[in-house]
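Good morning, colleagues. I would ask you to look at the sequence and the structure together while I speak.

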Amino acid sequence: MPILNREKLKEDRSNYLDWIRILRITLRYGNKEYVLGEDVPILGENPAPEEVTAYNKHYDESTKVACLMLATMSSGLHKNFETWGAFDINQQLEEKFQEQARQERFEIVKSLMACKLQEGAYVCTYIQKMKWYIDRLGT
């Protein structure tokens with residue numbers, strides 16, 4: 001939880017990729033990452049007890065994740081999403097920040113392609129730098 005407090009999502013979109021990466025890592029640790037990609041299911045008429053149990057679990061976890069997301073946003077963004085679920089918040093943020101994320105990925109690829117081993121430099125340092133770029137692209 002302390003790691004999330006260090007990286008609040010800013011309204012100017014400058015840290016979206018870092019924020020979502022840290023959020024996903026945190027949720028993965030708690031086995032709750034799935035709520036970002038799956039909306040809470042709708043119960044039909046006369047649902048089976050297993051369906052009700054699955055619904056309640058998903059709803060509770062979605063609510064907890066939404067609260068976590070709201071707690072790690074700037075106040076301006078926070079106001080826009082107060083009553084939303086985790087899936088809906090994630091969908092809206094992806095749509096809103098997609099262009100910024102695309103530009104950031106482009107800059108990372110550009111830096112990766114320009115990365116060259118300098119004469120006399122350590123190979124290990126070069127490989128770590130390349131790995132850092134590749135890891136950043138994986139988020």
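I shall go from the overall fold to the surface, and then to one helix.

Please keep in mind that this is a predicted model. The protein contains six helices and zero strands, and its order along the sequence reads α-α-α-α-α-α.

Let me turn to the overall dimensions. The C-alpha trace extends over about 70 × 35 × 25 Å along the principal axes of the protein. For 139 residues, a compact globule would have a radius of gyration near 14 Å, whereas this protein has 19 Å.

What share of the 139 residues is buried? Buried residues account for 29% of them. As for contacts with a separation of 6 or more, 54% join residues that lie 24 or more positions apart.

Now the surface and the charges. About 9300 Å² of the protein is exposed, and carbon and sulfur atoms contribute 55% of that area. The protein carries 19 positive and 21 negative charges, and the mean positions of these two sets are 9 Å apart.

Finally, I come to helix α3, which covers residues 49–71. How does its span compare with what its 23 residues should give? At 1.5 Å a residue, α3 should span 33 Å, and the end C-alpha atoms are indeed 33 Å apart, so the two values agree.

Which residues of α3 are buried? They are His58, Glu61, Ser62, Val65, Ala66, Leu68, Met69 and Leu70. I draw your attention to Glu61, one of the buried residues of this helix.

Thank you for your attention.

Definitions and conventions: Residues numbered from 1 in each chain as written. Predicted model: local features only at pLDDT ≥ 70, side-chain atom pairs only at ≥ 80, totals over all residues. Heavy atoms only, no water. Helix = DSSP H or I, 4+ residues; strand = E, 2+ residues; numbered from the N terminus. Rg over C-alpha atoms; globule rule 2.2 N^0.38 Å. Buried < 20%, exposed > 50% of the residue type's maximum accessible area, 1.4 Å probe, protein only. Contact = heavy atoms within 4.5 Å. Areas by Shrake-Rupley, 256 points an atom, 1.4 Å probe, with all protein chains shown as cover. Lys, Arg positive; Asp, Glu negative; His and termini not counted. Charge placed at Lys NZ, Arg CZ, Asp CG, Glu CD. Expected span 1.5 Å × (residues − 1).
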